[in-house]
Amino acid sequence: MADELERPGGEPVEPEAEPHLPSPTIWPFAFAGGVALLLVGLIINWILAAIGAVLLLVFGFLWIREATSEVRRPPAAAPPAAAPVSELAVAEEEEEPERYPRSVFLEMSTLGVGALIGGIVTLPALGFMVAPAFVGQEHDEVDLGPLANFPKDQFVITTFNSKKDEGSVGRRTAFIRNNGLKNDVPSFTIISNRCAHLGCPTQPQGLPGKAKDVKGSSGTVTIIPVASVSGFQCPCHGGAYDDEGNRTAGPPVRALDRYEFLVREGNLVLGKPYSVGKVIGKSADAKIEAYRVADPGQHVDGPEQYFYPPKVWIP
Amino acid sequence: MARRRKSKRQQQLQALIMAPLDWLEERSGLVGAVKYFLFRKVPAESNWFHTLGSATLTAFLVQLVTGVILAMYYKPSPEEAYGSIQKITNDLTLGWLVRGTHRWGASVFIILLFLHMGRVFLFGAYKYPRELNWLVGVILLTLALAEGLTGYLLPWDQTAYWATVVAININANAPIVGPFLGDFLRGGAEIGEETLARFYSLHMLVIPGGLIGLITLHLYLVIRLGVTEPPWTKAAAGYEFLDDGRGPVRKGLVEPRPRGNGSIGTPARTESEV
Ligand code: HEM
Ligand code: FES
């Protein structure tokens, strides 16, 4: 081939003239078609996805079968030697030098000990790299101050330290509405501002009042009352929610997350966050489909939920 | 070329210059290796598009140098990061230049990568026997993009913070692995100091290390396999250059050029060249 003639250094890398190339084939295209059908089907229709999966498997199999056909073919029988003299010579050439158990043992034990040392050094380091991200994710309770700061039936933008020891990086915001008493028990709607699309900070659509700092046992809590909130909007990709946090427009896949709460010594205390599929009903009478807290964008209900294993490491 | 005889003086001078190189060559063979690299054969019709790879390499080296210098002044913690970047940009002598170079250079690097990849694709240079180098290139591209992602967080300004929130959550949306990947990238459930620290480590140690290793492999393969001819050349079209004076001949196909440039026909003699 001309290509080989032109090789730098003048030497062809491989003296063989024919490149080892797979024969022309249609299977990869069909396989890719199957992948595309599967992906489109996941969005549009399960039957389409199933057809795509079948095509993918079948054509994948055919592709692999064809690509490996040369390798799988039994090796051609060695041509019978022409004369006894050359037979000897060939035999001598082809035979590997004899290996003794001791040298094999030494080789294997060198490899084995090397792997052992490598493992002992690497595994804990890898563990240290990965594990801390998954442990100690429990949520601190946050004291938001006296109930009197939360006027009835009005949303309040509340910004607080979510972690005791994290300072300004750990500041988070929730929209809190006091729903008054239901069956003599206080009811609050506490919605996280974290957009359920990809996590940008949503804003309430309403008329914000004056900000107030409340110092408490959990650090400074900033409170801004907002009048006549119609819903929440996200600045990033136009996600929109109603005043219960249900999605009304844009890309978010579920309702806004919420927080558990309790009332302790006349103070509102924030508990764990949880994710919400959908809210039916309003304020104190709302029925909330609650799930273990998930990252923004992860489905918690519908068939897509099976793509997102629940984060069981969160206590 | 007629060689002028060197004067004694010149010979002495040459010996002086060559002595350290000879010393090095005798003990390492490095001089020969560099010579081989610099004077290896490339196709006669190589053109400017072939320089895109070296241009990418240059952009990467610029990122290495400016990045190392920035790391001398940058402080990877949420409390200090933003301030240290402000200081580099506004207070430190020539800090704006080095930071600016690193920031703009990052885009230049990615753009050149894609141009280089485009030229490899359009020239068909990914074909046998260079498939492996294409695969190495794909990993290089992925690492370069990861370098861009991790570097973007470091200034810790509003853009950096929220772009990274969104970017990590996009990763967390991958089916099955998403929930694990998101927490791994954040170093926990929420973006915070752990995120900044691990992005810093990835950005300045892990990914550049990987890039340097793979670029070495990439260039080794380029040198071993040689550079492809542009597709419009005769060699790329499957011609062979024969030594019989007939010029390029297309292998295995009908010859495109009529044979025989012999002299005018005459009944007086036959010609062996016909
Ligand atoms: C850090 C990034 C990269 C560097 C520094 C780099 C460098 C180079 C250099 C110097 C060459 C010599 C020929 C030329 O300059 O065109 C080359 C060739 C090549 N590169 Fe890259 N490259 C990079 C990324 C990539 C990517 C992303 C791909 C494709 C996915 C790729 C695929 C190839 C292939 C297939 C060749 C052989 C081309 C031929 O022989 O004509 N490289 N590279
Ligand atoms: S992050 Fe809110 S719409 Fe995308």
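In this short talk I will go through chain B, the ligand it holds, the contact between chain A and chain B, and a few salt bridges.

Before that, a word on conventions: this is a predicted model, in which local features need pLDDT of at least 70 and side-chain atom pairs count only at pLDDT 80 or more, while totals for chains, interfaces and linings use all residues. Residues are numbered from 1 along each chain as its sequence is written, chains are lettered from A and ligands numbered from 1 in the order in which they are written, and side-chain values use heavy atoms, with hydrogens and water left out.

Let me begin with chain B, which has 9 helices and 2 strands, where helices (H or I, at least four residues) and strands (E, at least two) are DSSP runs numbered from the N terminus. Along the sequence its pattern reads α-α-α-α-α-α-α-α-α-β-β. Of its 274 residues, 34% count as buried, a word that stands for under 20% relative accessible area, with exposed meaning over 50% and partly exposed in between (1.4 Å probe, protein chains only). If we take the contacts in chain B with a separation of 6 or more, 62% of them are between residues 24 or more positions apart, contact being heavy atoms within 4.5 Å.

Now to the ligand. Which residues come nearest to ligand 1? Among the 26 around it, they are B:His50, B:His116, B:Arg119, B:His218 and B:Thr228, where a residue is near if one of its heavy atoms lies within 4 Å. Four helices of chain B, namely H3 (52-71), H5 (95-122), H6 (131-153) and H9 (193-225), each supply at least two residues of this shell. The shell divides into 14 nonpolar, 10 polar and 2 charged residues, with Ala, Val, Leu, Ile, Met, Phe, Trp, Tyr, Cys and Pro taken as nonpolar, Asp, Glu, Lys and Arg as charged, and the others, Gly among them, as polar.

Oxygen atoms of the ligand also come up in polar contacts, that is, pairs of N or O atoms within 3.5 Å; within protein, one must be able to donate a hydrogen and the other to accept it, and residues adjacent in sequence count only if both atoms are side-chain atoms. An N or O atom in the side chain of B:Arg119 is 2.8 Å from an oxygen atom of ligand 1, and for a polar side-chain atom of B:Arg130 the distance to a ligand oxygen is 3.1 Å. With B:Gly226 a polar backbone atom is involved, at 3.4 Å from an oxygen atom of the ligand.

Turning to the interface, 39 residues of chain A are in contact with 45 residues of chain B. The area buried between the two chains is about 3,400 Å², of which carbon and sulfur atoms give 58%, buried area being the accessible area (1.4 Å probe) that two parts lose on being put together, summed over both. Between these chains the count is 3 salt bridges, each a side-chain nitrogen of Lys or Arg within 4 Å of a carboxyl oxygen of Asp or Glu.

One of these bridges joins the side chains of B:Arg186 and A:Asp295, at 2.7 Å from N to O. Another pairs A:Arg172 with B:Glu190, at 3.3 Å from N to O. A:Arg172 lies in strand E3 (residues 171-182) of chain A and B:Glu190 in the loop between helix H8 (178-186) and H9 of chain B, so the pair joins two chains. A:Arg172 counts as buried at 13% relative accessibility, whereas B:Glu190, at 34%, counts as partly exposed.

Both of those chain B residues lead us to B:Thr195, which touches B:Arg186 and B:Glu190 as well as B:Leu153, B:Ile168 and B:Leu185, not counting residues up to four places away in sequence. B:Thr195 is found in helix H9, is buried with a relative accessible area of 0%, and has a side chain that reaches the backbone oxygen of B:Arg186 at 2.8 Å.

Finally, within chain A, the side chains of A:Arg258 and A:Glu244 meet in a salt bridge of 2.8 Å, N to O, and both residues are buried. They belong to a network of salt bridges that also links A:Arg177, A:Asp243 and A:Lys282. A:Glu244 is in addition among the contacts of A:Ala286, a residue in the loop between strand E11 (267-280) and strand E12 (287-291).
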